[in-house]
Amino acid sequence: GKGHGKELMNICLDAAKRFKFGKVYLETMDNMYDAQGLYKRVGFELLTQPLGDTGHYSCPVQMIKKIS
């Protein structure tokens, strides 16, 4: 609630832009409501299935953000 998560997320997204990534993908737990809210506020969108086989079988929520 102090903005540290958003600050760290913006650092990561800025790095993704600098390294010219086209997308950022994440997986999280379905009970991490605050985290999912943060991800949505910074532009992540929910996916209906995982992208590939990441090995994170206990993370049922997948999200992606396009980097411009």
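In the predicted model, three strands form an open sheet in the order E1-E3-E2, and their pairing is antiparallel. The edges of this sheet are occupied by strand E1, which covers residues 23-28, and by strand E2, which covers residues 45-46; because each of them has a single partner strand, one side of E1 and one side of E2 remain without a neighbour in the sheet.

The pairing between E2 and strand E3, the latter spanning residues 61-66, is antiparallel and rests on two bridges. Within this pairing, Leu46 has Met63 of E3 as its bridge partner. Helix H2, made up of residues 33-41, lies across E1, E2 and E3, and runs at about 20° to E3.

With regard to the cysteines, the count of disulfides in the model is zero. For a disulfide, the two sulfur atoms would have to be within 2.5 Å, whereas the sulfur of Cys12 is 16 Å from the closest cysteine sulfur, that of Cys59, and is therefore too far away for a bond. Seen from Cys59, the closest cysteine sulfur is that of Cys12, and the distance of 16 Å again excludes a bond because it is too far. The surroundings of the two residues can be described in terms of solvent accessibility: Cys12 is partly exposed, its relative accessible area being 47%, while Cys59, with a relative accessible area of 15%, is buried.

Notes:
Residues are numbered from 1 along each chain as its sequence is written. This is a predicted model: local features need pLDDT of at least 70, side-chain atom pairs count only at pLDDT 80 or more; totals for chains, interfaces and linings use all residues. Side-chain values use heavy atoms; hydrogens and water are left out. Two strands pair if DSSP finds at least two bridges between them. Helices (H or I, at least four residues) and strands (E, at least two) are DSSP runs, numbered from the N terminus. Contact means heavy atoms within 4.5 Å. Axes are lines fitted to C-alpha atoms, for helices over the stretch in contact, and angles run from 0 to 180 degrees between N-to-C directions. Buried means under 20% relative accessible area, exposed over 50%, partly exposed in between (1.4 Å probe, protein chains only).
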